[in-house]
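I opened my notebook to look up a few places in this structure and to write down what I found at each of them.

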Amino acid sequence: MQTVFIASGDSLHGDAAAVHRVLELLGHLPNVYMHDVRQLTPTLAAEIAAAQDVVFIHPERKLGEPWVERAIPHAFDESMPLDAGGLISLAHALYQFQGNSVVICNPGHDYKNVLPLSANAETNACQAATLF
């Protein structure tokens, strides 16, 4: 089985781009597939289904250090933006996903500038890369 990392965040909104930096810092790991996306989409459910472990990396509008939480499955609602829990539920319903799923929450505070990342976001990206 494989591990899938999915970094989702808008790289045009300042510190939200730090999730993509986490993937850069992780580099190329064996048996790990990495997706660097602007937002989660239902098409990712098929690849998630084949994984043993799924790690979502998500920006958070908070101060503090990165943390890990379990991705809690919940009903998929087409009228709402797709989040980790909704995508896990979709993968389970469509493809019988049975693996583990977590979210690495990566805090940031400057979502106005494009680049570079704030010093805080760069520090958090480095810490987040060590959490899994």
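I began with Asn31, which I found in the loop between H1 and strand S2 (32–37). I kept in mind throughout that the model is predicted. I looked up how open this residue is and noted that Asn31 has a relative accessible area of 60%, and because exposed means over 50%, it counts as exposed. I then read its backbone angle, and the phi of Asn31 is near 60 degrees, a positive value in a residue other than glycine. I wrote a reminder beside this entry that most residues other than glycine have a negative phi.

A second entry of this kind concerns Gln96, whose phi is near 60 degrees and is likewise positive in a residue other than glycine. I located Gln96 in the loop between helix H3 (84–95) and S5.

Next I asked myself how many salt bridges a search of the whole structure finds. The search finds one, and I traced it to the side chains of Arg21 and Glu24, which meet at 3.1 Å, N to O. Both Arg21 and Glu24 lie in helix H1 (residues 18–26), where they are three residues apart, about one turn of the helix. I checked the accessibility of each partner: Arg21, at 24%, counts as partly exposed, whereas Glu24, with a relative accessible area of 56%, is exposed.

I stayed with H1 and looked at its packing against helix H4 (residues 119–128), where the angle is about 45 degrees and the axes are 8 Å apart. Angles from 35 to 65 degrees fall in the oblique range, so I entered H1 and H4 as oblique to each other. The crossing of H1 and H4 is right-handed. On the H1 side I listed Ala18, Arg21, Val22 and Leu25, which meet Ala121, Glu122, Ala125, Cys126 and Ala128 in H4. I sorted the residues of this contact into seven nonpolar, no polar and two charged.

My last entry is about Ile104, which has its place in strand S5 (residues 100–107). Is Ile104 buried or exposed? Its relative accessible area is 2%, and because buried means under 20%, I recorded Ile104 as buried. Leaving aside residues up to four places away in sequence, I found that Ile104 touches Val55, Phe56, Ile57, His58, Trp67, Val68, Ala128, Leu131 and Phe132. I also looked up the pair Ile104 and Ala129, which are 25 residues apart in sequence and 9.1 Å apart in space, C-alpha to C-alpha.

Notes. Residues numbered from 1 in each chain as written. Predicted model: local features only at pLDDT ≥ 70, side-chain atom pairs only at ≥ 80, totals over all residues. Heavy atoms only, no water. Salt bridge = Lys/Arg side-chain N within 4 Å of Asp/Glu carboxyl O. Helix = DSSP H or I, 4+ residues; strand = E, 2+ residues; numbered from the N terminus. Buried < 20%, exposed > 50% of the residue type's maximum accessible area, 1.4 Å probe, protein only. Contact = heavy atoms within 4.5 Å. Axes fitted to C-alpha atoms, helices over the stretch in contact; angles between N-to-C directions. Parallel < 35°, antiparallel > 145°, perpendicular 65-115°, else oblique. Left-handed = near helix turned anticlockwise from the far one by under 90°. Nonpolar A, V, L, I, M, F, W, Y, C, P; charged D, E, K, R; others polar.
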